[in-house]
Amino acid sequence: MRESPSSAIELEAVTLRYPHGVTALDHVSLSIAAGERVCVLGANGSGKSTLALACCGLLAPDEGSVSLVGHACCVDGQVDLAAYREARRELGLVFQNPDDQIVTTVVAEDVAFGPENLGVAPDEIGRRVERELHRVALQELADADPSRLSGGQKQRVAIAGALAMRPRVLVFDEPGALLDMRGRRSIMAVMGKLAAEGVAVVHVTHFMDEALAADRVVVMDHGRIALMGTPEEVFASVDGLRGLGLERPFAARLSDRLRDRGLDVPWTCDEAELERAVAHAAQPAHGEHTDDARTDGAPASSDVPGKAPTQGASTESVVSVRNVSYAYGTADDGRRGRKALDGVSLEVPAGSTLAIVGQTGSGKSTLLRLVCALEAPDAGEVVVAGVPTARKRDRRRLHGRIGLVMQRPERQLFAQTVREDVSFGPRNLGLPADEVARRCDEALALVGLSGKADASPFELSGGQQRLCAIAGILAMRPRLLVLDEPMAGLDPRGRAELMRILASVREGGATIVQVTHSMDDAARCDRVVVLDRSHVIMAGRPREVFAARHGQELRDVGLGMPRSLEVARSLEGAGVPCLGEPLGIDELADAIARACGKGTA
Amino acid sequence: MAFRVSIGQYHPGTSPLHRLDPRTKAAGALVVCVAVFFIGDAAQLALGFAFALAIAALSRVPVGKLLRSIRPLVAVLFVLGIFNLLLVRSGHVLVGLGSLVITTGGVRAAVLYPLRMVVAIVAVAVLLLTATPAQLADAFDAALAPLSRIGLPGHELAMVFSLMLRFVPTIADEASAIVDAQTVRGASLGEGSPVRRLRAVIPVVVALLASSARHADGLARALDARCYEGGSGRRTRWHPLRFAVRDAVAAACVAGFCLGLALLA
């Protein structure tokens, strides 16, 4: 490999095996320059996290050579621990779960922890803490307790802590996986600033659109670098990507669809470029354009006119929440009386899907706990499947009939084998052994884990653990399935898999309630409820909630619009005639095609 | 099921007690805790309460918050008082109904022992309310420093202590999420015979252990990434602990309190 003095990271034919025989990196060679921003993509288990750890000096390879920030840490498999230790002083890491990265109970103290370890003089530590907290916009929370912050804020504390060590390389291993859109955006902004200041940034992510901001994209597959190049080059290779469990960025998918519909637009990953091309293509058609796009939008079959609240009148409600208030009575921290929910009402008709959206602290999780009959409301009434949850005995009757997929449900795994874990719920229902076995097999088949029934759940990969936990809930055949951020942390393949599973559960007639921070996921549900600071501020079908007039309000409460709608508004701003309210990418492509006079496909 | 966490109930403030060196505060609280055991009559008790009121006032922590934080322990003391009342058999017999015997010694023990413990509890509560967990860990570190000098991992123990304080809320949240999940899966927690109850907690305890292990993995990685290498070597402190005049004053106050108790004896 070429000798370049400016390169921050130099990996040469690096091979790394884990004790249980998995080859996580297989002859990987990679050179990253100072100030370069490199994005690493790949499916779960492709070796991208291992690559990240090798880049920040926390894993030494079995074979090959590693040179980090000028230190020859490993030469042909000979590890120099002293060199690693020196190199690590100039390398930083931020990873997925912010809870594990914060080591003290005061934000500023935590930022100071790294510099303290480096032996930085106290005055200088003070300056760095102030500077880095300012950079991640947390200066006002310097004295706060990190455990009270939102996920995005915690992650920014972790970033400030890494930056305070003045690293020359900063590795981000899925920093936004558990965050909402706003949290992710703020992290992307910090990354951009860092690269501009000459820090080499390595960013591992599952979000394709984040890769567009990188100088170079590296796609990992089975421990090898499968593709490498600029974002455009990498995303242009359609067949390659699909086989690697990835998807293409939004703009690329949209330009594909537009070209399929006969529009003359270039293939591009660049949203701005695509918008210009569409605006240009729409010009000649402007005159003959009919105004029908506004009213009928697209051939969405579920889109029956009529107001959502009345929709529930004909069908029976599985969940009725009527004027419910709830406060956590944490007596000893003096916050008694802070209402997590205040006067919340909603109805969920049988067999429908509901998305609950809102910022951290808006009361979403509390609402789920009440719907799952884990708690009785302080005021108002919650009725689930005809049973009011006010009395403990009634709540207990409901347990086992409601399926709850909590955040990161893999945390509920406990048994020695997958089969035993999945059988736990059905067995608690008091079902006979053969019925338990039947349901267990069926649930495992549905999530695609039939072959793993006798494995330990703790040996499964992260994505498989999630599916196993979900199988444990589906095996109880709940008529009401409640999910809290089920997609968080999954790769594109995992997301598609879970979507398929939920669709099949729904086909079986179950009612699905999910909390999500993805407006695109919310747009796919029958109804959307928007919570903000303990109140329901909007409710209705996606088309009503995400109507253009609500855009500003949704942004004000820290949410946004589904991607397709945002692009539609932006195109209209660029002179494309009215595109209606497309909620999905296909609808958007249809609307654009119509606006450009190509008619619907 | 809600897990109430009473550790780390720090109340932010700038009172004289907040500004004391955590080592002074911790040592002072320890001395007071020992001293209250020498309280043996009403005059000493009065002095003890005067001292407790004084530090509570100096801390400027809202009365309600202070009372809430000591309430569970005071309840325990009340129960212990009743035991004392019924079990201590010294002095004159006041009531004698078969096995129910109450003596003057019993009454004295039932009143004095819990009340003098209240003084100690207030001292500890004020310590916890005015020192951040990080400061407490620093004090702990200082207390263990002699261990490091003879080659034992004093600093590392203090680090473990401070990480424990940091992770109590995280693990508590985790525990309640897992309890929720298993409850909805039909686990019958807290019902039935002791054996059944014991079996029923397995799904929660094992899952919690597994997730604690995941946190431990992540934490180990984070400590490595931030170049934590134990107490050895180049480590500095952002806020090195320094004794000030107010620490001497505080020490003198505690000494005065002890002397007062001795004089009243």
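**Note on a predicted two-chain model**

1. Start with A:Pro266. Beyond its neighbours within four places in sequence, A:Pro266 is in contact with A:Ser255, A:Arg259, A:Glu273, A:Leu274 and A:Ala277. The model is a predicted one. A:Pro266 sits in the loop between helix H10 (250-260) and helix H11 (271-285) of chain A. Its relative accessible area is 33%, so A:Pro266 is partly exposed. Look also at A:Asp256, 10 residues away along the chain: the C-alpha atoms of A:Pro266 and A:Asp256 are separated by 9.1 Å.

2. Next, chain A as a whole. Chain A holds 24 helices and 21 strands. The radius of gyration is 26 Å; a compact globule of 601 residues would have one near 25 Å, so chain A agrees with that expectation. Along the principal axes, the C-alpha atoms fill a box of roughly 75 × 65 × 50 Å. Of the 601 residues in chain A, 58% are buried.

3. Contacts, surface and charge in chain A. Take the contacts between residues at least 6 apart in sequence: 64% of them join residues at least 24 apart. The exposed area of chain A is about 23,900 Å², with 48% supplied by carbon and sulfur atoms. Chain A carries 70 positive and 83 negative charges, and their mean positions lie 5 Å apart.

4. Helix H3 of chain A deserves a close look. It covers residues 107-118, and 11 of its 12 residues are buried, so the helix is largely enclosed by the rest of the structure. The buried set includes the charged residues A:Asp110 and A:Glu116. A:Val107, A:Val111, A:Phe113 and A:Leu118 are also among the buried residues. What do the buried residues of H3(A) pack against? Both chains take part: helix H4 (122-135) and helix H5 (151-163) come from chain A, while helix H7 (154-184) and helix H8 (194-225) come from chain B. After H3(A) comes A:Gly119, with a positive phi near 80°.

5. A:Arg135 belongs to helix H4 of chain A, one of the elements packed against H3(A). Is A:Arg135 buried or exposed? A:Arg135 counts as buried, because its relative accessibility is 14% and the cut-off for buried is under 20%. Apart from neighbours within four places in sequence, A:Arg135 is in contact with A:Leu163, A:Val190, A:Lys193, A:Leu194 and A:Glu197.

6. Cysteines. The count of disulfides over all chains is 0. A:Cys55 is in none; the nearest cysteine sulfur belongs to A:Cys56 and is 7.4 Å away. A:Cys55 is buried, at a relative accessible area of 0%. For A:Cys74, the closest cysteine sulfur is in A:Cys73, at 8.1 Å, which is too far for a bond. A:Cys74 is buried as well, with 1% relative accessibility.

7. Backbone angles to check. Most residues other than glycine have a negative phi. A:His27 has a positive phi, near 50°. A:His27 lies in strand S2 (residues 23-33) of chain A and is partly exposed, with a relative accessible area of 47%. A:Arg166 also has a positive phi near 50°. Its place is the loop between H5 and strand S8 (169-173) of chain A. A:Arg166 is partly exposed too, at 36%.

8. Now chain B. Its secondary structure comes to 9 helices and 2 strands. From the N terminus, the order of elements is α-α-α-α-β-β-α-α-α-α-α. Why is chain B described as more spread out than a compact globule? Its radius of gyration is 23 Å, well over the 18 Å that the globule rule gives for 265 residues. The C-alpha trace of chain B spans about 65 × 60 × 40 Å along its principal axes.

9. Burial and surface in chain B. Buried residues account for 43% of the 265 residues. Among contacts between residues at least 6 apart in sequence, 71% join residues at least 24 apart. Chain B exposes about 13,700 Å², and carbon and sulfur atoms supply 72% of that area. The mean positions of its 25 positive and 13 negative charges are 7 Å apart.

Notes: Residues are numbered from 1 along each chain as its sequence is written. Chains are lettered from A and ligands numbered from 1 in the order in which they are written. This is a predicted model: local features need pLDDT of at least 70, side-chain atom pairs count only at pLDDT 80 or more; totals for chains, interfaces and linings use all residues. Side-chain values use heavy atoms; hydrogens and water are left out. Helices (H or I, at least four residues) and strands (E, at least two) are DSSP runs, numbered from the N terminus. The radius of gyration is taken over C-alpha atoms; the globule rule is 2.2 Å times the number of residues to the power 0.38. Buried means under 20% relative accessible area, exposed over 50%, partly exposed in between (1.4 Å probe, protein chains only). Contact means heavy atoms within 4.5 Å. Accessible areas come from the Shrake-Rupley method with a 1.4 Å probe; for residues, only the protein chains shown count as cover. The place of a charge is taken as NZ of Lys, CZ of Arg, CG of Asp or CD of Glu. A disulfide is a pair of cysteine sulfur atoms within 2.5 Å.
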